[in-house]
Amino acid sequence: MRAELPQRHALVGTDPIPFSLTPRLWTRAAWRAEASRCATLAEILEKVAHIVLRTEPLLRLYQFPEEFLQILATDPGYHRIAPILRLDGHYVNNVFRLLEVNAD
């Protein structure tokens with residue numbers, strides 16, 4: 001099974017991605033601090049996305065198909081680019097390691 005981890009993208013560096021069904025318990029202060037960090041990261045992602053969408057050379061770097069560029073140019077009817085945003089990651093020595101960002 002260990003030999004298959006690289007092909008399954010189940011490594012962080014050279015270590016298996018940690019997995020545990022043990023819940024992470026939070027103090028109120030720790031929860032507020034983590035929520036604040038997530039909100040800050042979401043705002044950074046929003047600002048960068050708005051800049052990319054307004055800057056044609058940056059947008060073209062992504063090499064999206066023309067049909068997708070037309071979709072991106074459509075006004076969604078709300079302010080936020082990603083009104084639903086999920087940050088996936090895990091903790092190593094109590095430090096959150098972001099793995100990916102998922103959005104609508």
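User: Is arginine 80 buried or exposed?
Analyst: Arginine 80 is partly exposed, with a relative accessible area of 29%. Buried means under 20% relative accessible area, exposed over 50%, and partly exposed in between, with a 1.4 Å probe and protein chains only. The model is predicted, so local features need pLDDT of at least 70 and side-chain atom pairs count only at pLDDT 80 or more, while totals for chains, interfaces and linings use all residues. Residues are numbered from 1 along each chain as its sequence is written, and side-chain values use heavy atoms, with hydrogens and water left out.

User: With which residue does arginine 80 form a salt bridge?
Analyst: The partner is glutamate 43, and the closest N and O atoms are 2.9 Å apart. The pair links distant parts of the chain, 37 residues apart: arginine 80 lies in the loop between helix 3 (66-72) and strand 3, glutamate 43 in helix 1. Helices (H or I, at least four residues) and strands (E, at least two) are DSSP runs, numbered from the N terminus. A salt bridge is a side-chain nitrogen of Lys or Arg within 4 Å of a carboxyl oxygen of Asp or Glu.

User: And glutamate 43, buried or exposed?
Analyst: Glutamate 43 counts as partly exposed, at 37% relative accessibility. Glu43, Glu46 and Arg80 are linked in a network of salt bridges, and Glu46 is one of the buried residues of helix 1.

User: How many salt bridges are there?
Analyst: The count comes to six. Among them, arginine 60 pairs with glutamate 56, with the closest N and O atoms 2.6 Å apart. These two residues are four apart in helix 2, so about one helical turn separates them. Arginine 60 has a relative accessible area of 41% and is partly exposed; glutamate 56, at 43%, is also partly exposed. Another salt bridge joins aspartate 88 to arginine 86, at 2.8 Å between the closest N and O atoms.

User: Back to helix 1. What does it span?
Analyst: Helix 1 covers residues 28-54, which is 27 residues, and reaches 39 Å from its first C-alpha to its last. That is close to the expected 39 Å, the expected span being 1.5 Å times one less than the number of residues.

User: Which elements do its buried residues pack against?
Analyst: The buried residues of helix 1 are Glu34, Ala42, Glu46 and Val52. They pack against helix 2 (56-61), strand 3 (85-92) and strand 4 (95-103).

User: How do strand 3 and strand 4 run?
Analyst: Strand 3 and strand 4 run antiparallel and are joined by eight bridges; two strands pair if DSSP finds at least two bridges between them. Leucine 85 has alanine 103 in strand 4 as its bridge partner. The two strands form a hairpin with two residues between them, and asparagine 93 in the turn has a positive phi of about 50°.

User: New topic: how many aromatic pairs?
Analyst: There are three aromatic pairs. Rings of Phe, Tyr and Trp (its six-membered ring) pair if their centres lie within 6.5 Å; planes under 30 degrees apart count as stacked, over 60 as edge-to-face and the rest as tilted. Tryptophan 26 and tryptophan 31 are edge-to-face, 5.7 Å centre to centre with 90° between the planes. Tryptophan 26 is partly exposed at 32%, whereas tryptophan 31 is exposed at 53%.

User: Why is the pair of tyrosine 62 and phenylalanine 64 stacked?
Analyst: Their planes lie at 5° and their ring centres are 5.4 Å apart, so the pair is stacked. Phenylalanine 64 is partly exposed, with a relative accessible area of 30%. Tyr62, Phe64 and Phe68 form one aromatic cluster.

Conventions: Contact means heavy atoms within 4.5 Å.
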